[in-house]
Amino acid sequence: MTIAVNPRQAEHPIDPIFVERWSPRAFTGEEISQADLDSLFEAARWAPSSYNSQPWRFLYARRGTPVFETFLGLLNPYNQQWAKNAAVIIIALSARTFVRPGTTEVLVSRSHGFDTGAAWVNLALQASKLGWHAHGIGGFDVERTRVELKVPDDYEVQAAIAVGRRGDKSILPESFHGGETPNGRRPVKDTAFEGAFPAA
């Protein structure tokens, strides 16, 4: 397998894991052990959340199990082309309500999506540490996911995630080849502003 050199360069000092993590689509089809998968969810478990409400929930289907085809079928046809080789497909959900510690009152959460995003990042970074890659997916049928996976009404379906071992881009249809390299990011000066939002 030909591995391209990662072209990413940080502008400021950070741990290398942040530039080494990326989202390939070429996966080998290798199965993931339950132990490795549990490590991904353990990392997600320790994400910060408002009032420690921990709104994230993960539904998953490992390759080689009967439910894998169900999860794969929830993705749009474009994403099915490459995610069929994933080791596991995960659906990330977030609870829209929570109970503040020390009370019994059910409150609406304003930050459930934000908090679940933090858990997803932990999961993705832990995957990288273990030699896996996690690719977030927005292209899937949210309503079918809700129905087929019996998601309760008070949970929001946030994203799908495919996890796999990186394979050579030759596994993929040629139209995917151009995207099989780590992409760049906007400079910090374009995303972080001291004070008010800058004028257009």
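**Notebook: domain segments, ring pairs and pockets**

I began with residues 77–165, where the chain is 36% helix and 33% strand and the end C-alpha atoms are 21 Å apart. The model I am reading is a predicted one.

I then did the same for residues 20–61: this stretch is 31% helix and 14% strand, with 26 Å between its end C-alpha atoms. I chose these two ranges from the UniProt record, an unreviewed entry, which places the feature "domain: Nitroreductase" at residues 20–61 and 77–165.

**Aromatic rings**

Next I looked up the aromatic pairs, and the count came to 6. I noted that Phe41 and Phe58 form a stacked pair, 5.5 Å from centre to centre with 25° between the planes. This pair links distant parts of the chain, since Phe41 is in helix 2 (residues 34–45) and Phe58 in strand 1 (residues 56–62), 17 residues apart. I checked the exposure of both: Phe41 is buried, and Phe58 is buried as well.

I turned to Tyr78 and Phe176, a tilted pair at 4.9 Å centre to centre and 35° between the planes. Here too distant parts of the chain are linked: Tyr78 belongs to helix 4 (residues 77–83), Phe176 to the segment after strand 6 (155–164), and they are 98 residues apart. I entered Tyr78 as partly exposed because its relative accessible area is 43%, which falls between the 20% and 50% limits. Phe176 has 3% relative accessibility, so I entered Phe176 as buried.

I also found that ring pairs link Phe41, Phe58 and Tyr60 into a cluster. One charge over a ring went into the notes: Arg165 lies over the face of Trp132, 3.8 Å from the ring centre.

**Pockets**

I looked up the largest pocket and wrote down a volume of about 530 Å³. It is lined by 19 residues, and the closest to its centre are Arg8, Ile14, Phe18, Val19 and Arg185. Helix 1 (17–20) and helix 5 (112–129) are the elements that give two or more residues to this lining. Helix 5 provides the largest share, 4 residues. I sorted the lining of the largest pocket by class and got 10 nonpolar, 4 polar and 5 charged residues.

The second largest pocket has a volume of about 170 Å³. I listed residues that line it, among them Arg8, Arg21, Trp22, His135, Asn183 and Arg185. By class, I have 1 nonpolar, 6 polar and 4 charged residues for the lining of the second largest pocket. I marked Arg8 and Arg185 in my notes, as they line the second largest pocket and are also listed among the residues closest to the centre of the largest pocket.

Definitions and conventions: Residues numbered from 1 in each chain as written. Predicted model: local features only at pLDDT ≥ 70, side-chain atom pairs only at ≥ 80, totals over all residues. Heavy atoms only, no water. UniProt positions renumbered as here; feature names shortened; annotations may be inferred. Phe/Tyr/Trp six-rings, centres within 6.5 Å; stacked < 30°, edge-to-face > 60°. Buried < 20%, exposed > 50% of the residue type's maximum accessible area, 1.4 Å probe, protein only. Lys NZ or Arg CZ within 6 Å of the ring centre and 35° of its normal. 1 Å grid on protein atoms, 1.4 Å probe; cavity = no way out; pocket = protein on both sides within 12 Å on 5 of 7 lines; lining within 4 Å. Points joined across faces, edges and corners; volume = space filled by probe spheres on them. Nonpolar A, V, L, I, M, F, W, Y, C, P; charged D, E, K, R; others polar.
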